[in-house]
Amino acid sequence: MRTNTHFNKRGCKFLITSFQEQTGHAFTKTQLKNKWDGCEKDWRIWNKLVSESGVDRSSELGTISASDEWWKEKIQVNSLSS
């Protein structure tokens with residue numbers, strides 16, 4: 001139900017219906033798209049952070065560990081780009 005990288009009308013309807021059935025929350029196509037776009041932006045930042053050297057990831061806790069200096073630099077860089 002995807003043509004290239006986007007869902008077709010049938011695929012969108014299926015996602016909206018399935019999401020409502022599984023969560024009990026009804027959202028429009030626009031609302032789901034906005035959420036997807038926000039999550040994608042956050043994922044890109046996270047993926048970039050964990051791929052850098054000097055960073056460890058705890059799969060047990062699901063957290064990133066790095067030095068305080070590293071965190072200060074990354075927070076400043078990402079707050080400027082937002």
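Here are three short exercises, with worked solutions, on a predicted model.

**Exercise 1. The largest pocket**

Find the volume of the largest pocket, the residues closest to its centre, and the elements that line it.

*Solution.*
- Step 1: start with the space itself. The largest pocket holds about 630 Å³.
- Step 2: move to its centre. Of the 17 lining residues, Phe7, Leu15, Leu32, Lys33 and Trp36 are the closest to the centre of the pocket.
- Step 3: assign the lining to elements. Two or more lining residues come from each of β2 (6-7), α1 (9-23) and α2 (29-50). The biggest contribution is that of α2, which gives 8 residues.
- Step 4: sort the lining by class. The largest pocket is lined by 8 nonpolar, 3 polar and 6 charged residues.

**Exercise 2. The aromatic pairs**

Search the whole structure for aromatic pairs, then classify each by its geometry and by the exposure of its residues.

*Solution.*
- Step 1: count. The search returns 2 aromatic pairs.
- Step 2: take Phe19 and Phe27. Their ring centres are 5.6 Å apart and the planes make an angle of 55°, and this pair is tilted. The angle falls between the cut-offs, since stacked needs planes under 30 degrees apart and edge-to-face needs over 60.
- Step 3: take Trp70 and Trp71. Here the centres are 5.0 Å apart with the planes at 85°, so this pair is edge-to-face.
- Step 4: add accessibility. Phe19 has a relative accessible area of 32% and is partly exposed, and Phe27, with 33%, is partly exposed too. In the tryptophan pair, Trp70 is buried because its relative accessible area is 11%, under the 20% limit. Trp71 has 27% relative accessibility and therefore counts as partly exposed.

**Exercise 3. The cysteines**

Decide whether Cys12 is in a disulfide or in none, and do likewise for Cys39.

*Solution.*
- Step 1: look at the whole structure. The search for disulfides gives 0.
- Step 2: check the distance for Cys12. Its nearest cysteine sulfur belongs to Cys39 and is 16 Å away. A disulfide requires the two sulfur atoms to lie within 2.5 Å, so Cys12 is in none.
- Step 3: repeat from the other end. For Cys39, the nearest cysteine sulfur is that of Cys12, 16 Å away, and Cys39 is in no disulfide either.
- Step 4: compare surroundings. Cys12 is buried, with 14% relative accessibility, whereas Cys39 is partly exposed, with a relative accessible area of 42%.

How values were computed
Residues are numbered from 1 along each chain as its sequence is written. This is a predicted model: local features need pLDDT of at least 70, side-chain atom pairs count only at pLDDT 80 or more; totals for chains, interfaces and linings use all residues. Side-chain values use heavy atoms; hydrogens and water are left out. On a 1 Å grid over the protein atoms alone, a cavity is a set of points where a 1.4 Å probe fits but cannot get out, and a pocket is an open set with protein on both sides within 12 Å along at least five of seven lines; lining residues have an atom within 4 Å of a point. Grid points are joined across faces, edges and corners, and a volume is the space filled by probe spheres set on the points. Helices (H or I, at least four residues) and strands (E, at least two) are DSSP runs, numbered from the N terminus. Ala, Val, Leu, Ile, Met, Phe, Trp, Tyr, Cys and Pro count as nonpolar, Asp, Glu, Lys and Arg as charged, and the others, Gly among them, as polar. Rings of Phe, Tyr and Trp (its six-membered ring) pair if their centres lie within 6.5 Å; planes under 30 degrees apart count as stacked, over 60 as edge-to-face and the rest as tilted. Buried means under 20% relative accessible area, exposed over 50%, partly exposed in between (1.4 Å probe, protein chains only).
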